[in-house]
Amino acid sequence: MTQRDKTWQDVVAVADLEPGDVTPVTLGTRDLAVYDARDGVFVSLARCTHGAASLCDGHFDGTYIECPLHQGLFDARTGAAKAAPSRVPLRMFQTRVENGIVQILI
Ligand code: FES
């Protein structure tokens, strides 16, 4: 699929986000984590890349999300793995806010 084949999909209203925290959203078959970060809104798959944990249950400090299971750490802006045992980056989605709605390009 090329970038041109993708479309913007509504995810959640900004007003429904947990302020400064991570909000779980299911979109079709995808479980997403929506981060209300210091630098904007970011969206990743919710599942940790190390194991079967939802990052939505982790601790979010506004930039980094800590996995609740083994305390792996990810940068919520880029998905980069920042602390062991996490080594594989998160699957992030291109994200925008349109008319108060968080959208991702899929
Ligand atoms: S399941 Fe997330 S760090 Fe292990």
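## Exercises on a predicted all-strand chain

Q71 counts as partly exposed because it has 13 C-beta neighbours inside 10 Å. The model examined here is predicted.

**Exercise 1.** Determine whether N99 is buried or exposed, and describe its backbone.

*Solution.* Begin with the neighbour count: N99 has 8 other C-beta atoms within 10 Å. A residue is exposed if the count is 12 or fewer, so N99 is exposed. Next, consider the backbone: phi of N99 is positive, about 50°, although the residue is not a glycine. Finally, place the residue: N99 is found in the loop between β10 (95-98) and β11 (101-105).

**Exercise 2.** State the phi value of Q71 and locate this residue among the strands.

*Solution.* Phi of Q71 is near 65°, a positive value in a residue other than glycine. The residue lies in the loop that separates β6 (64-66) from β7 (73-75).

**Exercise 3.** Identify the residues joined by a cis peptide bond and locate P85.

*Solution.* The cis bond joins A84 and P85, with omega about 5°. P85 belongs to the loop between β8 (81-83) and β9 (92-93).

**Exercise 4.** Compare the radius of gyration of the protein chain with that of a compact globule, and describe the chain as a whole.

*Solution.* For 106 residues, a compact globule would have a radius of gyration near 13 Å; the chain has 13 Å, so the two agree. Its C-alpha atoms fill a box of roughly 35 × 30 × 25 Å along the principal axes. The chain contains zero helices and 11 strands. Buried residues account for 29% of the 106 residues. Of contacts between residues at least 6 apart in sequence, 38% join residues at least 24 apart.

Key:
Residues numbered from 1 in each chain as written. Predicted model: local features only at pLDDT ≥ 70, side-chain atom pairs only at ≥ 80, totals over all residues. Helix = DSSP H or I, 4+ residues; strand = E, 2+ residues; numbered from the N terminus. Rg over C-alpha atoms; globule rule 2.2 N^0.38 Å. Buried ≥ 20, exposed ≤ 12 C-beta atoms within 10 Å, placed from the backbone. Contact = placed C-beta atoms within 7 Å.
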